[in-house]
Amino acid sequence: MTAAARLPNDICPGLAPGVRLTFDKARDCWVVLAPERVLMPDETALEILQRCNGARPVDEIIDELASVYSADRSEIAQDVREMIADLVDKRILRT
């Protein structure tokens, strides 16, 4: 079973301590600032990260994105879960 498959539906991912999502005026793009790292998320990752506020459960994030993009929920769910699991492993998000 993958880490994404083990991700409970009701967890509320949020940015880990010391991590910020902010708009960088110099680069004219959104960045994730983490200790000794700067990540520049693509448009899809940004949509997910902006919803990871520590109060919104994974299922709600998936439902909202599926609605906004009129996409198949199962495809959205797989992508969202994989990204969240990856960012938890990298200590960018906490659950």
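A salt bridge is taken here as a side-chain nitrogen of Lys or Arg within 4 Å of a carboxyl oxygen of Asp or Glu. The structure described is a predicted model, and by this rule it holds nine salt bridges. Side chains of opposite charge can pair when their charged atoms come close.

One of these bridges joins Glu47 to Arg51, with 2.7 Å between the closest N and O atoms. Because this distance lies within the 4 Å cut-off, the pair qualifies. Both residues belong to helix 1, which spans residues 43–51, and they are four residues apart, about one turn of the helix. Arg51 has a relative accessible area of 9% and is therefore buried, the limit for that class being under 20%. A salt bridge also forms between the side chains of Arg51 and Glu64, with an N to O distance of 2.9 Å. This second pair links distant parts of the chain, since Arg51 is in helix 1 and Glu64 is in helix 2 (residues 58–68), 13 residues apart. Glu64 has a relative accessible area of 28%, so it counts as partly exposed. The side chain of Glu64 further meets that of Arg56 in a salt bridge, at 3.5 Å from N to O. Glu47, Arg51, Arg56, Glu60 and Glu64 are linked in a network of salt bridges.

Helix 1 is also in contact with helix 3, which covers residues 73–89. The axes of the two helices come within 11 Å and cross at roughly 75°. Helix 1 and helix 3 are therefore roughly perpendicular to each other, as the range for this class runs from 65 to 115 degrees. On the side of helix 1 the contact is made by Ala45, Ile48 and Leu49. On the side of helix 3 the contributing residues are Val80, Met83, Ile84 and Leu87.

The model also contains an open sheet of three strands, in the order 2-3-4, with antiparallel pairing. Strand 2 (20–24) and strand 4 (37–39) stand at the edges; each has a single partner strand, so one side of each is left without a neighbour in the sheet. From one strand to the next, the twist averages 35°. Strands of a sheet pair through backbone hydrogen bonds, either parallel or antiparallel. Between strand 2 and strand 3 (residues 29–34), the antiparallel pairing extends over five bridges. Thr22 has Val31 of strand 3 as its bridge partner, and Leu21 stands opposite Val32 in strand 3. Strand 2 and strand 3 form a hairpin with four residues between them. Within the turn, Asp28 has a positive phi of about 55°.

One aromatic pair is present in the structure. The ring centres of Phe23 and Trp30 are 5.7 Å apart and the ring planes stand at 75°, so the arrangement is edge-to-face, given that planes over 60 degrees apart fall in this class. Phe23 lies in strand 2 (20–24), whereas Trp30 lies in strand 3 (residues 29–34). Phe23 is partly exposed, with a relative accessible area of 36%. Trp30 is likewise partly exposed, at 31%.

Most residues other than glycine have a negative phi, and most peptide bonds are trans. Positive phi values occur in the loops at Glu36 and Ser70, neither of which is a glycine. Glu36, with phi near 60°, is found in the loop between strand 3 and strand 4. The relative accessible area of Glu36 is 85%, so this residue is exposed. Ser70 has a phi of about 45° and lies in the loop between helix 2 and helix 3. Ser70 also counts as exposed, because its relative accessibility is 69% and the limit for that class is over 50%.

Key
Residues numbered from 1 in each chain as written. Predicted model: local features only at pLDDT ≥ 70, side-chain atom pairs only at ≥ 80, totals over all residues. Heavy atoms only, no water. Buried < 20%, exposed > 50% of the residue type's maximum accessible area, 1.4 Å probe, protein only. Pairing = 2+ DSSP bridges. Axes fitted to C-alpha atoms, helices over the stretch in contact; angles between N-to-C directions. Phe/Tyr/Trp six-rings, centres within 6.5 Å; stacked < 30°, edge-to-face > 60°. Parallel < 35°, antiparallel > 145°, perpendicular 65-115°, else oblique. Contact = heavy atoms within 4.5 Å.
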